[in-house]
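This briefing is for a reader who has the sequence and the coordinates at hand. Please read the points below alongside the displayed structure.

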Amino acid sequence: IYTGPCKVLHLSSGLLPNSGRFGIVLSDEYQVVTSLWCQLYKTHARQASGRLLLNYLVIPSKAQVKKPGYIPNLGECSHYRSKIHLKAGDKLQSPEGKPKTGRIQEKCHGPCISSSNCSRPCAKDFRGEIGFTCNQKKWQKSTETCTSLSVEKLFKDSTGASRLSVAAASIPLHILDFRAPETIENVAQGIRKNCPLDYACIIDVVKSSETTSGNIAFIVELLKNISTDLSDDVTREKMKSYSEVANHILDTAAISNWAFIPNKNASSDLLQSVNLFARHLHIHNKSENIVNELFIQTKGFHINHNTSEKSLNFSMSTNNTTEDILGMVQIPRQELRKLWPNASRAISIAFPTLGAILREAHLQNVSLPRPVNGLVLSVVLPEKLQEIVLTFEKINKSRNARAQCVGWHSKKRRWDEKACQMISDIKNEVKCRCNYTSTVMSFSILMSPKSMTDKVLDYITCIGLSVSILSLVLCLIIEATVWSRVVVTEISYMRHVCIVNIAVSLLTANVWFIIGSNFNPKAQDSNVCVAVTFFSHFFYLSLFFWMLFKALLIIYGILVIFRRMMKSRMMVIGFAIGYGCPLIIAVTTVAITEPKKGYMRLEACWLNWDNTKALLAFAIPALVIVAVNLIVVLVVAINTQRPSIGSSKSQDVAIIMRISKNVAILTPLLGLTWGFGIATLIEGTSLTFHIIFALLNAFQGFFILLFGTIMDHKIRDALRMRMSSLKGKSRAAENASLSPTNGSELMNRQG
């Protein structure tokens, strides 16, 4: 018996490439030279129990091919039908199973050389191998072809040991076993023979298999072959069996293994195969729920020229724990009018997990991958219908998750933005108008990349914060310079205490905001992100409560004239309101929400909204304070307008100017600009409101410097006096240094 090197090649109905550990092929070009009976041997003794008669195309070395009557000794077998050429440099293995060609290392653990490759055999009962690539001196899994499935195994219970009917003349007759039943050449033949009515004979074998990358690739090819060869008359029962097989590899537990399939088009092949098979589905009732699996649902109904607007509703979960995600397909009435009076059918298929699996072909100027944020909805419609309306519920309901309506182009193997147009994006529900064609049958929504609108707002925020921080630092320097000259009375003292604490709070909050915006909570320590969120929350609340205290001081100055409060008591009240209240709110919020992991957002270091509504602990106090401060501004405006009897027009104009000035000064100091935030919370708000809100609040520090410090005539006077004093001192020092007395003293010291 010949035990030298050989190579078995896999083709056609075998479904999978290279299925096991074989001998090496030398580095010359080889061609399939003969068709042989292959039998398993151990050493040189035939084992009758291990006999597996299959038709093989074997490529031996040139030297051994010339030996008459040899039988190749193979570790494993699969069957093939066509001639193949194998060229030098192909990845092959030695009889011991060690990789030899390319930059291959024997071991797949420990340090490695960059860009080198390594492979390991699969676990017991699996054929194929696991490939590793060296990345940053560490082995990382790159491919996997481990499979336990085969065409023979699918129909093993039905057919027993299978074989082909062609034998090579070089095999001795006593080896052949003519009692074996007829061999299954391919999947279509096996299904036609064993379960032609419902395809149920393959379900148990598939569902009992592990969802390894190799098995997933096998099942994709299995479904592809069924769609190609057995889709002439698709019944409800066939569609249910077909979907059960597809559901097995669409399970959330299988998603991670899709990444290691060598064929990167496997996911798009699956989608195309399901759509092709559904095209031939027959619907008998007016409306049917055909398939109701966890990860694939199919519904259909009859339509004609007189049908009113129709819709198909889906509710599916992306995994076994989350709430269901909704999707809906609508056919507008104006489209239905295009149909003939006789009945047609409309079919829709929903996939909750396919979006995470679909891999796009690379395209210039498009960043991949683009995450899918809803169900993938496929439709099968009559050719006359071209426009449909689809509604998607967002999986990621974050406010930053902007949607983009798309259709899957089956030939280009990527999402096509031109196939759909967004109608609305309101309350986590996106409505799209899409064009249905033979190449674009599946639709979904993507998490849209940052638009030009986002970039404009980002630029405003960055520039505004920079100017604001510099302005606040300058404001504090000016206050420190003129402090002793401007804090004469209790009211003026507390007024400047408020301005200083407002500036400190806003400055500190802006710094924490910048730290949080450059922090990635997914890649870095989440406890640090919790701390950043806490301090941002605390100091922004402090800003608002100090603005509230300033408003109360203004009311106190207007209403209380004769009785004044002691400075120490006012300081205690001010710090209790300015820092005590924010501390209580911030600590309570983190204590309640953090144990449930609902304090901060997943994508940013800021208060959570989607799960626990922790953001309300900032929004409610801020908006209440803005409302109170607005009332104070109105009281000041009314108090400023004191019309006298017989006042002239010029006096009226002066009053209006004085009111306008007071409002302009108080608006940034009392935080009224934050009132524009209410408009930005409403869905579909105009971009204008977002830009106004960003401008007013990003530059709030500059406005505090301008209206709270520079426009205060007392501070300007104090600055002039301070500058005059400094100039006077410098001149006096100069004169003193040049005086004769100082000169003689200097000469005496030198002497």
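What follows is a short overview of the chain, and then notes on its salt bridges, one strand residue and a surface patch.

The model is predicted, and its protein chain holds 21 helices and 22 strands. Of the 751 residues in this chain, 45% count as buried.

**The chain as a whole**

- Among the contacts in the protein chain with a separation of 6 or more, 69% are accounted for by residues 24 or more positions apart.
- The protein chain exposes about 38700 Å², and carbon and sulfur atoms supply 58% of that area.
- A search of the whole structure finds ten salt bridges, including the pairs described below.

**A salt-bridge network around D269**

- Side chains of opposite charge can pair when their charged atoms come close.
- K224, D269 and R413 are linked in a network of salt bridges.
- In one of the pairs, the side chains of K224 and D269 meet with an N to O distance of 3.8 Å; K224 lies in helix α6, which covers residues 213–229, and D269 lies in helix α8, which covers residues 266–279, so this salt bridge ties together parts that are 45 residues apart in sequence.
- D269 counts as buried because its relative accessibility is 6%, under the 20% limit for that class, whereas K224, at 32% relative accessibility, counts as partly exposed.
- The side chains of R413 and D269 also meet in a salt bridge, with 3.1 Å from N to O. This pair links distant parts of the chain, with R413 in the loop between β18 (403–409) and β19 (414–416) and D269 in helix α8, 144 residues apart.
- R413 has a relative accessible area of 21% and is therefore partly exposed.

**The pair D425 and K394**

- D425 forms a salt bridge with K394, and the closest N and O atoms of the two are 3.1 Å apart. Here too the pair links distant parts of the chain, since D425 belongs to strand β20 (residues 420–426) while K394 sits in the loop between β17 (387–393) and β18, 31 residues apart.
- The two partners fall into separate accessibility classes: D425, at 23% relative accessibility, counts as partly exposed, and K394, at 6%, counts as buried.

**S424 in strand β20**

- S424 has its place in strand β20, the strand that also holds D425.
- With a relative accessible area of 23%, S424 is partly exposed.
- When its neighbours within four places in sequence are left aside, S424 is in contact with E429, V430 and K431.
- From S424 to A403 the C-alpha to C-alpha distance is 9.7 Å, and the two residues are 21 residues apart in sequence.

**A nonpolar patch on the surface**

- W609, L616, I620, V624 and V628 form a nonpolar patch on the surface, and together they have about 400 Å² of accessible area.
- W609, one of the patch residues, lies in the loop between α14 (567–593) and α15 (616–640).
- At 32% relative accessibility, W609 counts as partly exposed.

How values were computed:
Residues are numbered from 1 along each chain as its sequence is written. This is a predicted model: local features need pLDDT of at least 70, side-chain atom pairs count only at pLDDT 80 or more; totals for chains, interfaces and linings use all residues. Side-chain values use heavy atoms; hydrogens and water are left out. A salt bridge is a side-chain nitrogen of Lys or Arg within 4 Å of a carboxyl oxygen of Asp or Glu. Helices (H or I, at least four residues) and strands (E, at least two) are DSSP runs, numbered from the N terminus. Buried means under 20% relative accessible area, exposed over 50%, partly exposed in between (1.4 Å probe, protein chains only). Contact means heavy atoms within 4.5 Å. Accessible areas come from the Shrake-Rupley method with a 1.4 Å probe; for residues, only the protein chains shown count as cover. Patches are made of residues with over 30% relative accessible area and no salt bridge: like charges are joined within 9 Å, nonpolar side chains (Val, Leu, Ile, Met, Phe, Trp, Tyr) within 5 Å.
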